[in-house]
Amino acid sequence: MGSLERSKKKVQLWKKAIVHFGLCFVMGFFTGFAPGGKASIFSSHVVASNKSQPVEMLHQQVASTPHASNVNRSLIAESPVPTPLSSKESEPAKFLEKEEEPKPKLLPRRLAIIVTPISTEDPYQGVFLRRLANTIRLVPPPLLWIVVEGQSDSDEVSEILRKTGIMYRHLVIKENFTDPEAELDHQRNVALRHIEQHRLSGIVHFAGLSNVYDLGFFDELRQIEVFGTWPVALLSANKNKVTIEGPVCDSSQVIGWHLKKMNNETDKRPPIHISSFGFNSSILWDPERWGRPSSVQQTSQNSIKFVKQAALEDETELKGIPPEDCSKIMLWRLNLPVSKSPSYHLSTTGSTDASRRKI
């Protein structure tokens, strides 16, 4: 009997649990279809009754209701709310109104080809070569230094050039000359033939060992299109005067040549000095580009003479530099007499010992 009563009680407990679970399930199922709450009904009523009012008023009404914290914000989020523009946004941006200024194009520098002949008769060639190398070293690249010297047993020039850090080419001629000026002209022609053979494109300038430069000169040199010329100040040794030789210009246009002395005397000279002009190297291998017949170049054995004639025949292509003030001196030439330097020999050991014995 005790076991039957226990089993009946367990069956009743299961029935109660099943009925309770079913009631909860049914209530939850129907609760899901019920409205969200009073707040949502109230908010929808507010929106429905105030469609004609501005959106700003809607915000004020919602904020003033006691259930503002429970209002469904999704309805407000769906309506577009115009926001006032700030003063910075209302004003047009200045950088948009201004047109972007075009950036200047950076043109590459032209190659400066500096030709320096060295006379074998100059006893101070090593000193002047080092001084000129220190000047050229300060010139911005690209620059090519062509040094031409006569055949010699000394390696002084080669050693100096190797230590300069400058891009250079060292040419040596085998011919012997008794006239120093003829030797220098031949060396210049050798350098021009080298430029022509290798088609080195740049602006050629003949820089003597005695030349002294303003560094701005090389910037002006690179601006030459075809031919360019400039005044040169000649400083003579043991003379208290300076002579100025070079072009007479109207702005950058060359209208004549003269030699101006310190006492305001004017004396006509041969029109152009080797150190007072420069030219585009392409005229050596492409003369037709500049309106020159190619046959003249082929038959000419003297490149220096050919270039001078080409520069003087058409002075419209010959421009004075600097273009703003052609009378500005940017190059000085030291006219030093060439003489044999005194030789100083160190005494040998035997002679030193003999002199000690005499003392």
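Is threonine 229 buried or exposed? Here are some notes on that residue and a few others, keeping in mind that the model is predicted.

1. **Threonine 229.** This residue is buried, and its relative accessible area is 0%. Threonine 229 belongs to strand β6, which covers residues 227–229. Its side chain makes a polar contact with the backbone oxygen of serine 276, at a distance of 2.7 Å.

2. **The largest pocket.** If you are thinking about empty space, start here: the largest pocket holds about 870 Å³. Its lining counts 34 residues, and Glu181, Leu184, Arg188, Ser210 and Arg333 are the ones nearest the centre. Sorted by class, the lining has 16 nonpolar, 10 polar and eight charged residues.

3. **Who supplies the lining.** Helix α9 (180–198) gives the largest share of that lining, with six residues. At least two residues each come from α9, α13 (303–313) and β13 (331–335).

4. **Helix α13.** Several residues of this helix are buried, namely Ser303, Ile304, Phe306, Val307, Ala310 and Ala311. Looking down the axis of α13, these buried residues fit within an arc of 165 degrees, so they line one face of the helix. A general point helps here: an α-helix has 3.6 residues a turn, so residues three or four places apart point the same way. Lys305 and Glu313, on the other side of α13, are exposed. The N-terminal end of α13 is capped by asparagine 302, with a side-chain oxygen 3.2 Å from the backbone nitrogen of isoleucine 304.

5. **The disulfide.** The whole structure contains one disulfide. It joins cysteine 249 and cysteine 326, whose sulfur atoms are 2.4 Å apart. Cysteine 249 sits in strand β8 (residues 242–250) and cysteine 326 in the loop between β12 (318–320) and β13, so the bond ties together parts that are 77 residues apart in sequence. Cysteine 249 is partly exposed, at 23% relative accessibility, while cysteine 326 is buried at 6%. As for cysteine 24, it is partly exposed, with a relative accessible area of 44%.

6. **Two cis peptide bonds to look at.** The bond from proline 141 to proline 142 is cis, with omega near 5 degrees. Proline 142 lies in the loop between α7 (125–136) and β2 (143–150). Another cis bond joins isoleucine 321 to proline 322, where omega is about -5 degrees. Proline 322 is in the loop between β12 and β13, and cysteine 326 of the disulfide is in that loop too.

7. **Positive phi values.** As background, most residues other than glycine have a negative phi, and most peptide bonds are trans. Arginine 199 has a positive phi, near 50 degrees. This arginine is in the loop between α9 and β4 (203–206), and arginine 199 is exposed, with a relative accessible area of 54%. For serine 251, phi is also positive, near 60 degrees. Serine 251 is in the loop between β8 and β9 (253–260) and is partly exposed at 49%.

8. **Asparagine 176.** Finally, a surface residue: asparagine 176 is exposed, with a relative accessible area of 74%. You will find asparagine 176 in the loop between β3 (168–173) and α9. The C-alpha atoms of asparagine 176 and threonine 120 are 9.5 Å apart in space, although 56 residues separate the two in sequence.

Technical notes:
Residues numbered from 1 in each chain as written. Predicted model: local features only at pLDDT ≥ 70, side-chain atom pairs only at ≥ 80, totals over all residues. Heavy atoms only, no water. 1 Å grid on protein atoms, 1.4 Å probe; cavity = no way out; pocket = protein on both sides within 12 Å on 5 of 7 lines; lining within 4 Å. Points joined across faces, edges and corners; volume = space filled by probe spheres on them. Helix = DSSP H or I, 4+ residues; strand = E, 2+ residues; numbered from the N terminus. Nonpolar A, V, L, I, M, F, W, Y, C, P; charged D, E, K, R; others polar. Buried < 20%, exposed > 50% of the residue type's maximum accessible area, 1.4 Å probe, protein only. Disulfide = S-S within 2.5 Å. Arc of directions from axis to C-beta. Polar contact = N/O pair within 3.5 Å; in protein donor to acceptor, adjacent residues only side chain to side chain.
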